[in-house]
Amino acid sequence: MIIEPKIRGFICTAAHPVGCAKAVEEQIRYVQSKGSFSGPKRVLILGSSTGYGLASRIALTFGANAKTIGVAFERPAEGNRTASPGWYNTAAFERFAHDENHYAKSINGDAFSTAIKQETANLIRQDLGQIDLVIYSLASPRRVHPVTGQIFSSVLKPIGQSFTGKTVDPMKGEVKDITLEPATDAEIADTIAVMGGEDWAMWIDFLLKENLLAEGVSTVAYDYVGPKLTYPIYKEGTIGAAKAHVYETAIQLNKTLQKRKGRALLSVNKALVTQASSAIPVVPLYISLLYKIMKKQGTHEGCIEQMVRLFSQKFMTDQSDRIRMDDWEMNGGVQDEIKQLWSQVTTETLAALTDIEGYRQDFYRLFGFQFPGIDYNADVEL
Ligand code: NAD
């Protein structure tokens, strides 16, 4: 079948297997170009198929020779419908890893469920014995609570008051104002239930009870803070409330892990185009400006550059409970320039003032499209 991108709002409902494999391969080659580093050897990645989780898995496998078990929730191909990009990424990652004799196994299913926790525990016990690092990189719009069965949906809304701000439709190139009404108390609680730390704690408690966490184990969850510009929709909005809960969870987990001489921390990562971030209003416009400025400065990084820098330079030495991988993003000069340009961005000035082209390209590439050297008119097996 010939596969073309099918964009619906902020998602693409088709993915290209050859392009997704290319994206994985490029990340592997980047890691290999940077040379090896020491790091944890037995790693569990929750949310391992795309974005930051996938990049973490690639960085640790090919940079630190880690054995990895990845958990993700992806859709296989069915009839004429392609698989989701994370499905193709995972298949490609395993192929490349096995070709170079790395241990890599993946579990596809709902990480929030007890069944998947149990299946993962069995695999760890059977193959690795114990785990040295648990990476929590889930991003999901909903969660079925494993104990109560209640279904929670997250929302991306401000808290306390409505917010009007500038946003962009990246595909149409239209800049416009949007107004978002404040979340209700129930919506805030639901978002915390989905994107907060409860499930992270459940994983750690479960693995601890099963004696699957090695002495000196670490666990890291990914966080975002961002500039004042996005506070109403991010840091001070519903997603920020969930992230605050993740931070409280880290403090709690540090106590829990004392008996294994372990450590729980957050890594505050850079804003980047992923399936999760493209759903957040305002953020795509901010990212387009950020890319323009950081590329000009030569400080731009993608997920893989971020994760190689995290694990090769900061993870083993930085003792803070929040490692700042957003250091270059939050650099005063970068943020001053964004603040200055923000008021000038309109539909007419978008192409000149921002890197909307780079944003779009990254978006297409999440789904395996727009890679040079791939014949997109060729018939491919789904
Ligand atoms: P992403 O959408 O690329 O990845 C989400 C992952 O979660 C995928 O592997 C998906 O399969 C998995 N997943 C979702 N629901 C699942 C479920 N029920 N069971 C098992 N797996 C499930 O997202 P991302 O942007 O890489 O986000 C990962 C983390 O990084 C999030 O905590 C996010 O807040 C954080 N972060 C993202 C950015 C950014 O700009 N993208 C910046 C800083 C921090």
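Helices α2 and α3 make a good place to start in this predicted model. Helix α2 covers residues 51-64, and helix α3 covers residues 85-99. Their axes come within 12 Å and cross at roughly 0°. Angles under 35 degrees count as roughly parallel. The two helices, α2 and α3, are therefore roughly parallel to each other.

Which residues make the contact? From α2 come L54, R57, I58, T61 and F62. From α3 come N89, T90, F93, F96 and A97. By class, the contact of α2 with α3 holds 6 nonpolar residues, 3 polar ones and 1 charged one.

Now follow α2 to G51, which lies in this helix. What does G51 touch beyond its neighbours within four places in sequence? It is in contact with T274 and C303. Another residue to find is S137, 86 residues away from G51 along the chain. The C-alpha atoms of G51 and S137 are separated by 8.7 Å.

G51 also leads to the ligand. A polar backbone atom of G51 is 3.5 Å from an oxygen atom of the ligand. G47 offers a polar backbone atom too, and there the distance to a ligand oxygen is 3.5 Å. With K243 the side chain is involved: one of its N or O atoms is 2.8 Å from an oxygen atom of the ligand.

How much of the ligand does the protein cover? On its own, the ligand has 840 Å² of accessible area, and the protein covers 93% of that. Two elements give two or more residues each to the shell around the ligand: α2 and β11, the latter spanning 213-223.

Next, look at the shell as a whole. It has 30 residues, and the closest are S49, E74, A111, K243 and T274. T274 is also one of the contacts of G51. By class, the shell divides into 13 nonpolar, 12 polar and 5 charged residues.

A second helix pair completes the tour. Two packed helices are described by the angle between their axes and the distance between the axes. Helix α8 (residues 283-297) packs with helix α13 (residues 356-366) at an angle of about 110°. Their axes are 8 Å apart. Angles of 65 to 115 degrees count as roughly perpendicular. Helices α8 and α13 are therefore roughly perpendicular to each other.

On the α8 side, the contact is made by P284, I287, S288, Y291 and K295. On the α13 side, I356, G358, Y359 and D362 take part. The contact of α8 with α13 has 5 nonpolar, 2 polar and 2 charged residues.

Conventions: Residues are numbered from 1 along each chain as its sequence is written. This is a predicted model: local features need pLDDT of at least 70, side-chain atom pairs count only at pLDDT 80 or more; totals for chains, interfaces and linings use all residues. Side-chain values use heavy atoms; hydrogens and water are left out. Axes are lines fitted to C-alpha atoms, for helices over the stretch in contact, and angles run from 0 to 180 degrees between N-to-C directions. Helices (H or I, at least four residues) and strands (E, at least two) are DSSP runs, numbered from the N terminus. Angles under 35 degrees count as roughly parallel, over 145 as roughly antiparallel, 65 to 115 as roughly perpendicular and the rest as oblique. Contact means heavy atoms within 4.5 Å. Ala, Val, Leu, Ile, Met, Phe, Trp, Tyr, Cys and Pro count as nonpolar, Asp, Glu, Lys and Arg as charged, and the others, Gly among them, as polar. A residue is near a molecule or strand if one of its heavy atoms lies within 4 Å of it. A polar contact is a pair of N or O atoms within 3.5 Å; within protein, one must be able to donate a hydrogen and the other to accept it, and residues adjacent in sequence count only if both atoms are side-chain atoms. Accessible areas come from the Shrake-Rupley method with a 1.4 Å probe; for residues, only the protein chains shown count as cover.
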